[in-house]
Amino acid sequence: MVTSPARGRWVALLLAGLTPVVAELTLGNPPLRQAWLLLLWTPIYGAGTVLIRELVRRAGRGWYAVLLLGAAYGIVEEGLALQALTSPTLYGVAGWAPRVLGLNSAYTELNIPYHAVFSVALPILLVDLVVPALRHRPYLGRTGLVVAAVVFVLGALLLRWTTAFVDPGYQAPPAALVAFVLVIAALAVLALRVLPRPPNPPAAAPRTAAAPRTAAAPLTVPAPRTVPAPPVIACLAGVAAFGYLGLLFPFGGAHHPAFTRGGWVAVPMAAAALLAVAAGLLLRRWTAHGGWRDRHSLALAGGALVAHTAFGVIANGATTTDRVSLAALGVVMTVLLALLARRTR
């Protein structure tokens, strides 16, 4: 099937517009009364995610590449544009946990995976589910790819020049900036050149009568691992997302992760890392099984998004109005996910 260039551009715009909504608005940052701030974030968020998807599709790579480039995106935004990874004063994050090699350790552990998942992977996954006919193809031509890259760079500069988001008196050390650029480059090479291309999913063979067993055939075949039902996947994704955010982001008046003090802050940081690894291993096991379908992918995205908005209601609501409006947005999001689930079935 030949893809219409105009259709690809419209889907790319859908992804660009959806990304800051998923990454920021549905977390309550900013609150709905300040939703106009998304206009400042859309260039870097939207163009960045579109650029990542285009590069991954053109290179023929899969979700591992998306996550690695999502981490690189997080370093661009948090390390180069906002410089929050190293700032000793911005957002007060330097006081969350001990600084390691000049980095705000807990903030870095929280935000780099957050951007990889919520700013990049989940918006791409949702748009792939909305427009499944284009999921394995680039949306844009070469000119569109260049435009996305230029808008992404301009969006990063816009954040850097907008004093409302940065510490206007702070400049990251040159050594840190060079290190960030080298890590970004390494992640890009690893994602687009080193990672193997994922195999094409095999078509399901029709069920026929058993073939005669030959001498070389095994006597027993182990039963295939089963994929949990979509509601189970949604619940587990919600627990993982809520748990990861709750372990690292101080809320409820706390000044350190999970209401800890002193050296005890290492406990929730280690627990968050273990939770992320466990969730990743489970997801890898389930998606490797032939029974993984679009409804499972939607359950994964939906569970994570609902939990992430629920955490935003608890942690980011500065006023009752903000909490109620974010909860209402969560209800709207849940209804839209349910409609997409009906369509997916």
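What joins the side chains of D128 and R53? Hi everyone, let's start right there: the two side chains share a polar contact of 3.4 Å. By polar contact I mean a pair of N or O atoms within 3.5 Å, where within protein one must be able to donate a hydrogen and the other to accept it, and where residues adjacent in sequence count only if both atoms are side-chain atoms.

A quick word on the model. It is predicted, so local features need pLDDT of at least 70 and side-chain atom pairs count only at pLDDT 80 or more, while totals for chains, interfaces and linings use all residues. Residues are numbered from 1 along each chain as its sequence is written, and side-chain values use heavy atoms, with hydrogens and water left out.

Back to D128, then. This residue lies in helix α4; helices here are DSSP runs of H or I with at least four residues, numbered from the N terminus. D128 is buried, at 4% relative accessibility, where buried means under 20% relative accessible area, exposed over 50%, and partly exposed in between, with a 1.4 Å probe and protein chains only. Leaving aside residues up to four places away in sequence, D128 touches R53, R57, W63, R135 and Y139; contact means heavy atoms within 4.5 Å.

Now the charges. Side chains of opposite charge can pair when their charged atoms come close. I call something a salt bridge when a side-chain nitrogen of Lys or Arg is within 4 Å of a carboxyl oxygen of Asp or Glu. Searching the whole structure gives five of them. R57 bridges to D128, with the closest N and O atoms 3.0 Å apart. Since R57 sits in helix α2 and D128 in helix α4 (residues 105-130), that pair ties together parts 71 residues apart in sequence. R53 forms a salt bridge with E54 at 3.8 Å between the closest N and O atoms. Together, R53, E54, R57 and D128 are linked in a network of salt bridges.

How exposed or buried are the other members? R53 counts as buried at 1% relative accessibility, E54 at 0%, and R57 at 15%. R53 has another partner too: its charged end sits over the ring of Y139, 3.6 Å from the ring centre. For that, NZ of Lys or CZ of Arg must be within 6 Å of the ring centre and within 35 degrees of the ring normal.

Elsewhere, D322 and R33 meet in a salt bridge of 2.8 Å, N to O. This one links distant parts of the chain, with D322 in helix α10 (residues 320-344) and R33 in the loop between α1 and α2, 289 residues apart. D322 is buried at 6%, whereas R33 is exposed at 53%.

One for the charge enthusiasts: E24, in the loop between α1 (5-23) and α2 (38-59), is buried yet has no salt bridge, and the nearest side chain of opposite charge, R33, is 14 Å away. For charge, Lys and Arg count as positive and Asp and Glu as negative, with His and the chain ends not counted.

Finally, the rings. The whole structure holds 10 aromatic pairs, meaning Phe, Tyr or Trp rings (the six-membered one for Trp) with centres within 6.5 Å; planes under 30 degrees apart are stacked, over 60 edge-to-face, and the rest tilted. F251 and F259 have ring centres 5.4 Å apart and planes at 75 degrees, so they are edge-to-face. Both belong to one aromatic cluster with Y91, W96, Y107, F242, F249 and F311. Thanks, everyone!

Key:
Helix = DSSP H or I, 4+ residues; strand = E, 2+ residues; numbered from the N terminus.
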